[in-house]
2 protein chains.
Amino acid sequence: MSPAISATPDALAQRLATSGLRSTPQREVIYGVLLKKRDHPTADEVYARVRTDMPTISLATVYNCLETLVQCDLVRAVNFERGPTRYCPNLRPHAHFHDESSGSTHDIDLPADLLEKVSAVLPPGYDAKSVEITFRGRATKNSS
Amino acid sequence: MSPAISATPDALAQRLATSGLRSTPQREVIYGVLLKKRDHPTADEVYARVRTDMPTISLATVYNCLETLVQCDLVRAVNFERGPTRYCPNLRPHAHFHDESSGSTHDIDLPADLLEKVSAVLPPGYDAKSVEITFRGRATKNSS
DNA sequence: GTCTTAACTTAGAATAGTTCTAATTATCAC
DNA sequence: GTGATAATTAGAACTATTCTAAGTTAAGAC
Ligand SMILES: [Mn+2]
Ligand SMILES: [Mn+2]
Ligand SMILES: [Zn+2]
Ligand SMILES: [Zn+2]
């Protein structure tokens, strides 16, 4: 089992420390915002949400902190189309379903064996460190 | 069997016609450039290659034509990280392997049943129109 | 063949998203 | 506390892309 599978705000200080980084109010509130509403917000959206708690934060800091969280493996940067990067704090293996009618993105949990099956298609000489799966289509009802 | 699985320059005029669009020298040379070197170039890279044949073409036209080719389903726009969109004329079902040491992107053909297996993880209410699979890692030797 | 009209291309301006720079502020080790 | 280092900040700069408005080309009507 990989470490910090259940992401909590407390996990943050630990992860930062093991990377030789400091826990700061800005990093904490940004991580909290990501955990609170897991709708894959953009940096701008994170900025807007963070400002209600911390009105003096700068957009540059939001970018800096998001990048830090990604480097710590607490957050995934998600890019499946042209347009701003989105951020996802879900650390379980999961795919993304992009609902083209609503523009929203949903997490789809993946059974452990599926990623193995998918990776099995790689010819010899290809060594994959990660796999990303993205669906596009319509989701009827069921928002989360 | 889906139409125009084997992409040729000739397929272009047909596809454009059925979409009510014109075949133009710019569209032809851009599509030819994509077919000739299938390394998932960016719009800027396409622009540079096209200019050796057609020095007066504009970058705006390159963007316009690439978008047209994507709309005609002759080319896939590929986005798996922040940065410029890349373009792929491979119409077979395939995944992308992004080699992080070289920065290059390789096509990985997918067996027909794999996409079904992958789509089977979707809960009821999710109707996927397309699936994208991206690997990241190192490819030892074997460039194409 | 000319005319008409719509499609297409073009250069350059504008925009969006992100990164960089340089100055300030906060934190840590001692 | 002092000095060194890390982090934040505002704003400028940058990259990729889209928009605008003008010019060009080509298809269809006659
Ligand atoms: Mn969308
Ligand atoms: Mn890369
Ligand atoms: Zn996610
Ligand atoms: Zn491809």
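How far is a phosphate oxygen of DNA strand C from an N or O atom in the side chain of B:Arg82? I looked this up to open the notebook, and the distance is 2.9 Å.

**Ground rules.** I am working with a predicted model, where local features need pLDDT of at least 70, side-chain atom pairs count only at pLDDT 80 or more, and totals for chains, interfaces and linings use all residues. Residues are numbered from 1 along each chain as its sequence is written, chains are lettered from A and ligands numbered from 1 in the order in which they are written, and side-chain values use heavy atoms, with hydrogens and water left out.

**Entry on strand C.** I counted as near any residue with a heavy atom within 4 Å of the strand. There are 20 residues around DNA strand C, and A:Tyr63, A:Thr85, B:Arg22, B:Thr24 and B:Thr61 come nearest. Of the strand C atoms within 4 Å of the protein, sugar and phosphate make up 80%. Next I looked at polar contacts (pairs of N or O atoms within 3.5 Å). The side chain of B:Thr61 places an N or O atom 2.6 Å from a phosphate oxygen of strand C, while B:Thr56 uses a backbone N or O atom at 3.5 Å. For elements, I took helices as DSSP runs of H or I with at least four residues, numbered from the N terminus. H4(B) gives the most to this surface, with four residues.

**Entry on strand D.** Here I found 19 residues around the strand, with A:Thr24, A:Arg27, A:Thr61, B:Tyr63 and B:Thr85 coming nearest. Sugar and phosphate account for 79% of the strand D atoms that come within 4 Å of the protein. A:Arg27 has a side-chain N or O atom 3.0 Å from a phosphate oxygen of strand D. A:Arg22 has a polar backbone atom 3.0 Å from a phosphate oxygen of the strand, and for a backbone N or O atom of A:Thr56 the distance is 3.5 Å. Helix H2 (25-36) and helix H4 (59-71) of chain A, together with helix H4 (59-71) of chain B, each give two or more residues to the surface near strand D. H4(A) gives the most, with four residues.

**Entry on symmetry.** I then checked how the two protein chains relate, superposing by least squares on C-alpha atoms of residues with pLDDT of at least 70 in both copies. Chain B falls on chain A after a rotation of 180° with 0.0 Å of shift along the axis, at RMSD 0.0 Å. That is the relation of a two-fold axis. In chain B, B:Ile133 comes closest to the rotation axis, with its C-alpha at 2.3 Å.

Key. A polar contact is a pair of N or O atoms within 3.5 Å; within protein, one must be able to donate a hydrogen and the other to accept it, and residues adjacent in sequence count only if both atoms are side-chain atoms.
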